[in-house]
Structures are given as structure tokens and as C-alpha cells.
Amino acid sequence: MSESSAGGATIELENLSKLYPGSPRPAVDNVSMEIKAGETVIFVGPSGCGKSTTLKMINRLIEPTGGRIRIGGEDVTDIDPVKLRRKIGYAIQSAGLFPHMTVAQNIALVPRMTGWSTGRTRDRVEELLDLVGLDPGEFRGRYPRQLSGGQQQRVGVARALAADPPVLLMDEPFGAVDPITRDHLQDELIRLQRELHKTIVFVTHDFDEAIKLGDRIAVLRERSHIAQFDTPEAILTNPADDFVSGFVGAGAALKRLNLTRVRDVEITDYPTVTVDDPLQTIFNRLRSSGTNEILLLDRRGRPYKWLRRGDLMRAKGSLARAGTLVHDTVTRDATLRDALEAVLTDSSGRAAVTGRRGEYTGVVDMETLMNSVHELLEADRLEAMEHQHDLAETRAAQTHAEQEGASGGTTA
Amino acid sequence: MTFWEYLSSRHQQLLTDAYQHASAVFQCMVVATLIGVLIAVATYRSDWAGGLATTATSTVLTIPSLAMIGLLIPVVGLGVPPTVTALTLYGLLPIVRNAIVGLRGVDPSLVDAARGIGMSRLARLLRVELPLAWPPILTGIRVATQMLMGIAAIAAYASGPGLGNEIFRGISSLGSANALNQVLAGTLGIIVLALLFDAAYVLIGRLTIPRGIRV
């Protein structure tokens, strides 16, 4: 399988404006922004603030009336828009799959238009379906209406990635799916982005989504004016003004949990047995482990049940009846918020961490989480204080300069 | 002579007429479909142009077919030309109207997606918009064909081809021995042809409407 290679490209917007004929005020007013290669930037803002318009000007679905766009250093403001769009992936709300084409045909559209051979296109379709977590054999020949909303959205992302474009534009792609599926899709996107390093521009009105996905977030107010363009941490701990803090909303400390992933905190190992182990082994393991409980894995190594001392006795040695089922597991890409949720709901007060195929890799518990959160908040607080200190210093210097200037200039 | 006797004695002539009838309708439908879809493609994106196309073609339909053929005779002469011209004009309305409705009914977000992934105007039209509008267009073609089957009978008035000749011959000799048989044979022949065409369209629909949008 060919390893997809093209990483991201920079995007520079320079005084970009859109004035619709007949309207007195521009819909997008003088936006300048630099997006680094391989970075995920989220445009977030209230409805009608022009975030979608700004996004659509990048691939010139909406022609800007002023300003320049540069992608990878190349000025694309005046090149043929059709050619431009083939080099930019585009994923939209509710996927926008063509209902009269199969999944494979939908994905193959761009490669075929750019003149790839049939064989190469076919291989690429397989590779992409694999990449977005759909089994090619099962899904290749299906029509969009035979897919769930989440599966359609995955195919939509695969289609956007088909010709391996350096830039990916996503216009509220997960807006129309249910919250659970959205969560999964977000996790998948994070995983994809870690492998692919595309430059992603993503539009949403959901600030939590922005925090979860973005390397940097541009909070936009009306006419696409940038209220703040910074990392999620900085926006949470240091909102630039009332508009931004209003948009961040309450519970910034809880939202902070969305910024850190399970992989970043300590995952502890835990004694495990599998359902195929003889009962004697299980007894021995229970006795020899220092803990009260052990984790029972199923045949494919996935967490199955928590077994306490005595559970087996009460169930008269039947593994099928003993112990409590594992309700909720988290992946290493899950946020600490998800992990906290899982820990709170699981009867054992800890949550099993799983790998890509659901296999057991470790455990997080309340203590680990609390410690991590405290450390995080402390670090943020220090950073914010430092930032404030810097600001105060700059202001002091400014005031000083002004006073100097005033005394040196006209005598008022 | 009973009707059956009439049929068996004249089946050669009847079959020729039926074949010519069907062939005239079929050829006119092909031309009307091409012109109709072209008109729709040219006009569906503008409100007034689409309205104009629909109004113009429906105005044509209000002209009585006998008058239309009569009016065409001095212009294009007798026989096949007025028949083909009239049939094509009458066939346009259902096709133009359904094609416009179908093309306008394509989900705008799909058109947006098609533009967004870099499809040219022509590619969008051929690969996305027309395939999605095809079911209503096919319905238009079906309706038009049914209509033309009847109208084609009038073509005999201008010495055109088809089963209309049987009917006109019968009407002009009413009271004679075979008059009723002639009218009956022509009429039933047209009905049978119409049903056969309709069956063919069902089959074409099965074959050409992609599985993903079949209802």
C-alpha cells in the first residue's frame, strides 16, 4: 500500500474581503491570517459571522471581491478555480455524497478527474476506506443511502482526501450527526491528522468542538473580524475580550479537560486475566495481585468484566455470571473529560484504556485524573499570570512612553 | 365481415401502419427529448427563462392538433414533414417542464459539493445534475409518448404515416361494410402500441436509473 505523502501547505489570507452587490456592508471585511503547514485551524463564531464565507473564499467557491489568497506561497487568487479546487479537499455538512454513485465512485471522482489510471484509483479507494475505518469489501459497492450518517461523513472525508491534497477545508462537517457519532468522528479526525499532517481549516459554531480539534482557534465576530486567534489553552485561560469570554462560556476549567488526552497522562497497568485462563490461574492472580479487583479480558483481548475477590465464589465458579460488566472504555485519544465521564460511570471507579481495535492497554483512575487536572490548572494559572505580567509591563512602558512624549511635546 | 375476419384479411396493411406509427412517434420522441433537455439545461438556472420555456411549450400544446397540422401544410408540405414537426413540438412540453423541475430539484448542497471538489460546469451537469434529474425527465418522456400516440393519428389528415389512416378511412366511409372495423382497428392498434411503449419505458427506467436513487 502506498504511503500517502503530501503533507500540508501554508495558507495566507491577505486583506480578504467579500462585498455582495447591493449590500452596504461587506460580508467579510479585510481578513488577514496566516495558517501554518500541517496546522488545524478552527473558525468559530456565531451564525452569520461570515466564517463559512471566509472558508469558501479559500477554494473560491465564493469569489473574493478584495485581497489575495496564497497557498503554499503560490498566489491562487486568479488561477482557474476548477484546477485550484482539485488540490484542496472539501468536506461539508451531511457529507454531500452523490446518491446515484456508489461509495467507491464517490471517492474516485477527483482522482479520475485528475487523470489517475483505473488501477491506481482503485487502490487509492481501498486505502482511503481503510484509513477512515470502513471495510472496503463491505462498503465499496454501497450507495450513500445504505449508510448511517456517521459512515456517510467518513466517506465524505475520504472523498475530500482522495487526491491527497495538502489542504483540507471542512465546513461544519459534523454538524448533522448525533452527538455520540460526532464524538467518534472527531476522534477519528484527530487520529487521521496525526498520520497525515494536512493543513486543515475547519468551520464550526461549537466551541467545544473547536477546543477538541484545533491547534489554533480563530474566534470570529461579525463580518469575520478576528476577535482572537490563538491556541485553545490561551483562549480558555486568557480570553481577549468580553465577546470571546462570552463565547467560551462557563466552565472553562471543565473545558480545559477537553484539551488533554488520555495519552498525555499516566496510564497504569492493571492485573488482567482472559476468559480462556483456567479458573485456578484466575484465583491465583486475584490472590497474588495487590488489588481487590482484576480485569477479565475476552478472547480478543478486550476488557470484559471487573472481577472482585469473592465474586467467583458467589457465582459458584462460573465466569459467565461472576463480576460486573465493563460499561465504558476510553481510547488513548479520548479527552480527559471523556475519561472522567467513564471513571464516574464505571462502578469500579476506574476506566480501562483501549487501543485501536478495542484491546486492553491500561487503566486510568480517579487519582491520576485529579493529579493531572491540578497540574494542568496550576500550569495554566502560572502562564496566565506571566502573560498578565507581560501585558502590565507593556502597558506601563506604553504609559511611560506617552508621558515622556507628552512632557517632551506640546505643553497641554 | 366480422372484426376478426377484417383483421386477418388486412393484417399486412395494419402491421405496416402500426410500424410506421410507432416509428414516427419514437423518432419524434428522440428529437423532442434532445431538444427539450437542451432547452431545460439552457433555462433552468434563471427564473424568467425557465418560466418562458415552460409557458412557450405549454402554449404550443393548447393549439388543436388538427389546426396545427393544417397550418403546417402550407409551410412544409404534405406527408411526413408536418407530422414530424407537429409531434416534436407537442412532445416538448412535458419533457421541458419535467427536466426543469428535475434540474432545479437537485439538492443545492450536492451542487456545492460538486463545485467544491473541482468539477467543471459541464462535468457537474453530466455527472451530477442530469443523472439526478433523470427520473423526472423519464416520466416526462413517458407522458409525452402517450400523448403523441394519440396526436400521431391526426397526421393522416396531412397524408402522414400511421394508424390514423385506418381511422380516417373508416370515418370517411361511415355506413359502408368495413367502416366500423377500420376505425376500431386503428384505435385499438394505437392503444396496444401505447401500452407496449409504456412497458418499454418501465424497462428503460429499471436499466438507466441508478440503484442509489431508485425508489
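Two strands count as paired when DSSP finds at least two bridges between them. Keep that in mind, everyone, as we go through this predicted model.

Let's use it straight away on chain A. Here 3 strands make an open sheet, ordered β15-β16-β17, and the pairing is mixed. At the edges stand β15, residues 329-331, and β17, residues 360-365; each has a single partner strand, so one side of each is left without a neighbour in the sheet. From one strand to the next, the twist averages 35°. Now look at β16 of chain A, residues 350-354: 5 bridges join this strand to β17(A), and the two run antiparallel. If you'd like one pair to find on screen, try A:R350, whose bridge partner in β17(A) is A:D365.

Chain A has another open sheet for us, with 4 strands in the order β2-β1-β4-β5 and antiparallel pairing. Which strands stand at the edges of this one? They are β2 (28-35) and β5 (74-75) of chain A, each with a single partner strand, so again one side of each has no neighbour in the sheet. Strand β1 of chain A, residues 11-18, is joined to β2(A) by 5 bridges, and these strands run antiparallel. Along that pairing, A:L13 stands opposite A:M33 in β2(A). There is a helix here too: α1 of chain A, residues 51-58, lies across β1, β2 and β4 (66-71) of chain A, running at about 120° to β1(A).

Over to chain B, then. How many helices and strands does chain B have? The count is 8 helices and 0 strands, so to speak a plain run of α-α-α-α-α-α-α-α along the sequence. Its C-alpha trace spans about 70 × 40 × 20 Å along the principal axes. Of the 215 residues in chain B, 42% are buried. Taking contacts in chain B between residues at least 6 apart in sequence, 75% join residues at least 24 apart.

The UniProt record, an unreviewed entry, places a feature called "domain: ABC transmembrane type-1" at residues 18-201 of chain B. Over that stretch of chain B the chain is 84% helix and 0% strand, with the end C-alpha atoms 19 Å apart.

Finally, where the chains meet. The contact takes 20 residues from chain A and 18 residues from chain B. On the side of chain A that touches chain B, α2 (81-86), β6 (88-92) and α3 (103-113) of chain A each supply at least two residues. The residues on that side of chain A divide into 12 nonpolar, 4 polar and 4 charged.

How values were computed. Residues are numbered from 1 along each chain as its sequence is written. Chains are lettered from A and ligands numbered from 1 in the order in which they are written. This is a predicted model: local features need pLDDT of at least 70, side-chain atom pairs count only at pLDDT 80 or more; totals for chains, interfaces and linings use all residues. A residue is buried if 20 or more other C-beta atoms lie within 10 Å of its own, exposed if 12 or fewer, and partly exposed in between; C-beta atoms are placed from the backbone. Two residues are in contact if their C-beta atoms, placed from the backbone, lie within 7 Å. UniProt positions are given in the numbering used here, feature names are shortened, and annotations may be inferred rather than shown by experiment. Ala, Val, Leu, Ile, Met, Phe, Trp, Tyr, Cys and Pro count as nonpolar, Asp, Glu, Lys and Arg as charged, and the others, Gly among them, as polar. Axes are lines fitted to C-alpha atoms, for helices over the stretch in contact, and angles run from 0 to 180 degrees between N-to-C directions.
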